[in-house]
Amino acid sequence: MPELPEVEVVRRGLERWVSGRTVEDVDVLHPRAVRRHLAGGTDFAARLTGLRFGTAMRRGKYLWIPLDEVSASLLGHLGMSGQLLVQPSDAPDEKHLRIRVRFADDLGTEMRFVDQRTFGGLSLHDNTPDGLPDVIAHIARDPLDPAFDDAAFHTALRLRRTTIKRALLDQSLISGVGNIYADEALWRAGIHYERPTASFTRPRTAELLGHVRAVMREALDQGGTSFDSLYVNVNGQSGYFDRSLDAYGREDEPCHRCGTPIRRRPWMNRSSYFCPRCQRPPRPPRPPRPA
């Protein structure tokens with residue numbers, strides 16, 4: 001599933017090619033693509049037609065385009081295979097085209113939502129006073145947000161009483177970090193994914209956040225991570241950060257730091273990749289002494 005860097009790459013493309021344009025008409029070609037818009041596809045198309053897009057925004061893995069004339073936004077979630085593309089109006093339809101948005105100008109391009117697995121979608125939502133679509137108001141700021149509060153994150157981390165990878169994937173605590181970049185940041189920090197959050201000191205939390213930010217910025221510079229053709233930017237191009245991964249997807253390959261084979265373990269219906277030497281598992285708690 002696309003994580004923060006991939007979604008940010010798409011947001012930047014929308015900002016360049018879609019922001020400021022007025023919607024002429026909308027075709028909803030598959031009902032699942034607008035299932036989060038509870039009033040249905042006809043209402044979705046009617047409400048969006050005639051409105052002008054503002055500057056594309058993002059929080060964590062969610063992106064949205066504010067609508068200039070109303071206090072509402074077009075919210076997009078890519079799911080596992082969603083693609084927001086800007087294509088020439090006369091380009092052939094993609095096999096899994098779900099929504100088409102045409103614009104009232106002569107630029108000759110349109111926005112298309114393509115989704116093979118139909119887990120993603122577009123929907124319209126009212127904005128909160130802070131300008132967020134109301135359905136994502138609970139999502140925490142992401143670590144690349146200038147307003148992200150490192151000290152508050154450390155305090156919440158210690159109080160959460162869980163393990164560190166679970167905490168990194170908790171979107172109410174820190175948004176935008178998914179399985180790939182959690183494994184990468186933990187490898188860089190030399191931290192096992194099952195380390196208890198209560199054991200973190202402020203310096204250790206700060207170090208980990210530094211690695212989270214560094215790996216995300218590097219992924220952004222390389223267009224994100226593409227393991228197949230499903231993640232692309234708005235021009236249909238794949239990212240190539242997968243060539244720079246140190247842990248994720250490298251089972252049995254030598255650790256880039258110590259040479260020990262990388263291991264994979266099942267974890268919450270996913271996988272965790274780690275170096276058993278650089279990221280030693282936490283010691284089990286000592287049994288209580290007999291009275």
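How are H1 and H6 oriented to each other: oblique, or roughly parallel? Keep that in mind as you open this predicted model.

**Stop 1: H1 against H6**

Select residues 4–17, helix H1, and residues 202–221, helix H6. Their axes come within 9 Å and cross at roughly 40°. Angles under 35 degrees count as roughly parallel. H1 and H6 are therefore oblique to each other. The crossing is right-handed.

Now show side chains. On H1, pick Leu4, Pro5, Glu8, Val9 and Arg12. On H6, pick Met216, Ala219 and Leu220. These residues make the contact. By class, six are nonpolar, none is polar and two are charged.

**Stop 2: H5 against H6**

Keep H6 on screen. Add helix H5, residues 179–189. The axes of H5 and H6 are 9 Å apart, and the packing angle is about 125°. H5 and H6 are therefore oblique to each other. This crossing, too, is right-handed.

From H5, select Tyr181, Glu184, Ala185, Leu186, Arg188 and Ala189. Their partners on H6 include Arg204, Glu207, Leu208, His211 and Val212. Further along H6, add Ala214, Val215, Met216, Glu218 and Ala219. The contact of H5 with H6 has 10 nonpolar residues, one polar and five charged.

Leave Met216 and Ala219 of H6 highlighted. Both meet H5, and both belong to the contact with H1.

**Stop 3: H3 against H6**

Next, select helix H3, residues 150–160. The axes of H3 and H6 come within 10 Å and cross at roughly 115°. H3 and H6 are therefore roughly perpendicular to each other. H3 passes H6 in a right-handed crossing.

On the H3 side, show Asp150, Ala151, Phe153, His154, Thr155 and Leu157. On the H6 side, show Arg202, Thr205, Leu209 and Arg213. The class split here is four nonpolar, three polar and three charged.

**Stop 4: the second largest pocket**

Hide the helices and turn to a pocket. The second largest one has a volume of about 290 Å³. It is lined by 13 residues. Start with those closest to its centre: Met57, Arg58, Arg59, Arg141 and Asp145.

Which elements give two or more residues to this lining? Select strand S2 (57–59) and strand S3 (62–67). S2 gives the most, with three residues.

Colour the lining by class to finish. Six residues are nonpolar, one is polar and six are charged.

Methods
Residues numbered from 1 in each chain as written. Predicted model: local features only at pLDDT ≥ 70, side-chain atom pairs only at ≥ 80, totals over all residues. Heavy atoms only, no water. 1 Å grid on protein atoms, 1.4 Å probe; cavity = no way out; pocket = protein on both sides within 12 Å on 5 of 7 lines; lining within 4 Å. Points joined across faces, edges and corners; volume = space filled by probe spheres on them. Helix = DSSP H or I, 4+ residues; strand = E, 2+ residues; numbered from the N terminus. Nonpolar A, V, L, I, M, F, W, Y, C, P; charged D, E, K, R; others polar. Axes fitted to C-alpha atoms, helices over the stretch in contact; angles between N-to-C directions. Parallel < 35°, antiparallel > 145°, perpendicular 65-115°, else oblique. Left-handed = near helix turned anticlockwise from the far one by under 90°. Contact = heavy atoms within 4.5 Å.
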